[in-house]
Amino acid sequence: MASPRMVCGAVRLLLATLAAFALAASATAGSIEQAELDALEMFFSFTKGDKWVNAEGWLDGMPCDNDPSSWYGVQCTQGRVSSLVLMQNNLEGYLPDALGDLAALTELKLSVNHLHGPLPSTLGDIEGLEDIWFNDNDLTEEIPQSFENLKNLKSLMLMNNELSGQLSDNALFNDDTHNAEQQIEMRGNQFECPLPEWCAAPSDGGNGMCEPCVNDGDSGGGGSTTDWVLWGVAILVALVVIGAIVAVGALFVGRRIQQARQRQQIENELDVDLTEFE
């Protein structure tokens with residue numbers, strides 16, 4: 001039979017073990033909260049949060065201290081950031097890779113802003129991500145290969161950006177893995193031809209969700225704004241040069257006509273042919 005001293009020792013050991021587990025859990029939770037806070041602060045900085053239409057609550061305390069969150073556009077589930085929705089909020093700048101630290105995120109909607117640069121490849125590490133809405137921005141480069149890891153994806157809205165690359169190279173969108181129930185809309189970009197069959201032009205058996213496509217070396221989608229500006233400047237310069245040439249030619253012809261008239265007048269007055277003296 002165990003002595004009271006042994007029982008007391010066992011109880012102390014059990015309490016110490018439980019305390020250690022609680023401390024470790026608290027430290028882990030604290031590190032997760034800090035990582036998510038750091039990610040949101042970096043996102044705020046990268047997208048010029050001081051110029052947002054609405055930045056209520058941002059950078060004030062922890063994002064998930066209250067339910068609902070006091071940070072505008074942020075929603076939390078069980079103390080973790082699960083939703084970031086800031087559509088039409090005048091976000092301007094790049095998306096930081098730190099967004100991948102929002103590991104509990106299921107909804108990321110940043111449509112109709114002024115975001116540019118590439119899509120963060122780290123978003124492909126968020127396994128539970130279901131909805132990505134980045135339409136009507138100025139995003140560029142290829143869709144990251146890491147997006148093929150998003151097995152729970154329900155909607156992907158990327159229309160009206162300047163994304164490029166070959167879609168058939170991304171396993172997320174090829175015929176073997178594409179889910180017909182997914183809402184995918186990627187019109188108005190600069191993806192390379194040929195497009196995968198499921199989103200090609202209707203005449204090619206697709207749904208047209210990725211049109212138009214461009215051949216390698218084409219400017220794509222009618223050209224970027226910079227291309228149009230350069231073309232406009234070139235045309236303006238050409239018109240100025242042509243105008244100057246026409247003006248000089250007109251002046252020269254005018255002077256020749258005036259000289260001919262003066263010559264004819266003198267010949268008439270003197271009743272002579274001046275060409276005889278040339």
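In this predicted model, the largest nonpolar core is built from 46 residues, and those with the most contacts inside it are Phe43, Trp58, Leu84, Leu110, Phe134 and Met186. Helix α1 (4-46) and the strands β1 (74-77) and β2 (80-85) each put in at least two residues. The top contributor is α1, with five residues. This fits a familiar pattern: in soluble globular proteins, nonpolar side chains tend to be buried together.

Leu84 gives a good idea of how the core is wired up. Leaving out residues up to four places away in sequence, Leu84 touches Leu40, Phe43, Trp58, Gly73, Val74, Leu99, Leu105, Glu107, Leu108, Lys109 and Leu110. Among these partners, Phe43, Trp58 and Leu110 also appear on the list of residues with the most contacts inside the core.

Phe43 turns up again next to a polar residue. Thr47 sits in the loop between α1 and β1, and its side chain reaches the backbone oxygen of Phe43 at 2.7 Å. With a relative accessible area of 0%, Thr47 falls under the 20% limit and therefore counts as buried. Beyond its neighbours within four places in sequence, Thr47 is in contact with Trp52, Leu91, Glu92, Tyr94 and Leu115.

Leu115 falls within strand β5 (residues 114-117), which pairs with β7 (residues 138-142) in the parallel sense over two bridges. One bridge partnership here puts Gly117 with Leu139 of β7. On to the next strand: β7 also pairs in the parallel sense with β9 (residues 162-165), this time over three bridges. In that pairing, Glu142 stands opposite Ser164 in β9.

As for the cysteines, a search of the whole structure turns up two disulfides. Cys64 and Cys76 make one of them, with their sulfur atoms 2.0 Å apart. The torsion about its S-S bond is about -80 degrees, so this disulfide is left-handed. Because Cys64 lies in the loop between α1 and β1 while Cys76 belongs to strand β1, the pair ties together parts that are 12 residues apart in sequence. Both ends are buried, Cys64 at a relative accessible area of 18% and Cys76 at 19%.

The other disulfide joins Cys193 to Cys213, again with an S to S distance of 2.0 Å. This link is right-handed, with 95 degrees about the S-S bond. Cys193 is in the loop between β11 (190-192) and β12 (213-214), Cys213 is in strand β12, and the two are 20 residues apart. Here the cysteines are partly exposed, with relative accessible areas of 24% for Cys193 and 29% for Cys213.

How values were computed
Residues numbered from 1 in each chain as written. Predicted model: local features only at pLDDT ≥ 70, side-chain atom pairs only at ≥ 80, totals over all residues. Heavy atoms only, no water. Core = buried A, V, L, I, M, F, W, Y, C linked by side-chain atoms within 4.5 Å. Buried < 20%, exposed > 50% of the residue type's maximum accessible area, 1.4 Å probe, protein only. Helix = DSSP H or I, 4+ residues; strand = E, 2+ residues; numbered from the N terminus. Contact = heavy atoms within 4.5 Å. Polar contact = N/O pair within 3.5 Å; in protein donor to acceptor, adjacent residues only side chain to side chain. Pairing = 2+ DSSP bridges. Disulfide = S-S within 2.5 Å.
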